[in-house]
Amino acid sequence: MSDTRRLEVLRAIVEDYVHTQEPVGSRVLTERHQLGVSPATVRNDMAALEEAGYIAQPHTSAGRIPTDKGYRLFVDKLAEARPLTLPQRRAIEKFLSEAVDLDDVIGRAGRLIAQLTGQVAVVQYPSLRRSGLRHLELVPTGQDRLLVVVITDNGRVEQRFLDVPDDVDEGTLGELRARLNAAAAGRRLTQMDVAFREVADVVAPEHRALVTAIGEVVTTALDQEQEERLVIAGQANLVRPGMDFEQGLSPLLEALEEQVVLLGLLTEMTSDENVAVSIGHENRVAGLSRASVVSTGYGSDGDTVALLSSIGPTRMDYPGTIASVRAVARYLSRVLPT
């Protein structure tokens, strides 16, 4: 599909169909768009596009609609970036910066994407598998009890109690705290067992059992929190007029409920902070065969720690959705708890 004019015809069909929700005919195209050719020529171009599988005739009318293949070509070669306005960008930044903790940040990000796109938003919590340790705190709470506090670099906090010998003093705890934090610096949480073994090898023999016990408590706490979590917002948008799901909403809702499968799809299609788009039958999840997914990663210091996405009909505003998802991801990366 190298003919420039036919690409412009396809662009016009996609844009009109997204806007009007009605099949597009040749005469309408020549009236609405500066194509510089007659309706007869446009009909010939539409016939070529249809033969190539980029558009289809849904019924006996003269109008045509884009196919999944047509939307793919539009996204890959024709969609033009539509940056958000300055007021929109300021509103996003203000709304996210007002969050009080990680849960609030993730919830706000989901509501923002759903509001900006009019579709379903899916936001993944930062993964512990890709997180690092910000700080490990050891707090004595009684004669023989210790509170172990793990703070990750993306704001998650885990707390566990540990029974300790009654002869462990503040000085010992301070030394162990410093050694453990130094050993863990720059390492993923999945590498913490290595850090604890290194510390156990260099501390006084009478303290090695305590270091090992602290390591086991931290590892157990993190293992219990390894399940990936998703926040889904905007499901009510699916029943709005023109969403194209009126006759087949149940499969999509079921797909959204299967969070493990959904996360697998998002992870497969999104490997970094670039925006990825999966259209219709490209989605390996059956319930999403009539939907499109726009997804990207977010994180701090250029390190992707989780994903966020927008899911809507294949007849979506791709430039607008891509811009919204990209913008929220960038601001979410800036306001992650540190």
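UniProt lists residues 34–62 for "domain: HTH deoR-type", in an unreviewed entry. The model described here is predicted. Over residues 34–62 the chain is 45% helix and 7% strand. The C-alpha atoms at the two ends of this stretch are 20 Å apart.

Helix 3 spans residues 39–51. Helix 3 packs against helix 1, which covers residues 4–20. The two axes are 10 Å apart and meet at an angle of about 85 degrees. Angles of 65 to 115 degrees count as roughly perpendicular, and helix 1 and helix 3 are therefore roughly perpendicular to each other. On the helix 1 side, the contact is made by Arg-5, Arg-6, Val-9, Leu-10 and Ile-13. Helix 3 contributes Thr-41, Val-42, Asp-45, Met-46, Ala-48 and Leu-49.

The loop between helix 1 and helix 2 (26–32) holds Gln-21. Gln-21 is not a glycine, yet its phi is positive, at about 65 degrees. Its relative accessible area is 41%, so Gln-21 is partly exposed.

Two sheets are considered next. One is an open sheet of 5 strands, in the order 7-3-10-9-8, with antiparallel pairing. Its edge strands are strand 7 (230–233) and strand 8, each of which pairs on one side only. Neighbouring strands of this sheet are turned by 20 degrees against each other on average, direction ignored.

Strand 3 (120–124) is mostly covered, with 5 of its 5 residues buried. Val-120, Val-122 and Gln-124 are buried on one side. Ala-121 and Val-123 are buried on the other. Strand 3 pairs with strand 10 in the antiparallel sense over 4 bridges. Within strand 10, Ile-311 stands opposite Val-120. Strand 3 also pairs with strand 7, again in the antiparallel sense and over 4 bridges. Here Leu-230 of strand 7 is the bridge partner of Gln-124.

Strand 8 (residues 276–279) is likewise covered on both faces. Ala-276 and Ser-278 are buried on one side, and Val-277 and Ile-279 on the other. Strand 8 and strand 9 form an antiparallel pair over 4 bridges. In this pair, Ser-278 stands opposite Val-293, and Ile-279 stands opposite Ser-292.

Strand 9 runs over residues 291–300 and includes Thr-296. The relative accessibility of Thr-296 is 1%, so this residue counts as buried; the cut-off for buried is under 20%. A polar atom of the Thr-296 side chain lies 3.2 Å from the backbone oxygen of Asn-274.

Helix 11 (residues 259–269) lies across strand 3, strand 7, strand 8, strand 9 and strand 10 (303–313). The helix runs at about 95 degrees to strand 7.

The other sheet is also open. Its 3 strands follow the order 4-5-6, and the pairing is antiparallel. Strand 4 (133–142) and strand 6 (157–163) are the edge strands, each pairing on one side only. From one strand to the next, the twist averages 20 degrees. Strand 5 (residues 145–152) pairs with strand 6 in the antiparallel sense over 7 bridges. Val-150 stands opposite Glu-158 of strand 6. Helix 7 (residues 170–184) packs on this sheet and touches strand 4 and strand 5. Its direction makes about 165 degrees with that of strand 4.

One further position lies in helix 10 (residues 249–257), where Ser-250 is found. Ser-250 has a relative accessibility of 48%, so it counts as partly exposed; the exposed class begins over 50%. The C-alpha atoms of Ser-250 and Arg-32 are separated by 37 Å. Along the chain, these two residues are 218 residues apart.

Conventions. Residues numbered from 1 in each chain as written. Predicted model: local features only at pLDDT ≥ 70, side-chain atom pairs only at ≥ 80, totals over all residues. Heavy atoms only, no water. Pairing = 2+ DSSP bridges. Axes fitted to C-alpha atoms, helices over the stretch in contact; angles between N-to-C directions. Contact = heavy atoms within 4.5 Å. UniProt positions renumbered as here; feature names shortened; annotations may be inferred. Buried < 20%, exposed > 50% of the residue type's maximum accessible area, 1.4 Å probe, protein only. Polar contact = N/O pair within 3.5 Å; in protein donor to acceptor, adjacent residues only side chain to side chain. Parallel < 35°, antiparallel > 145°, perpendicular 65-115°, else oblique.
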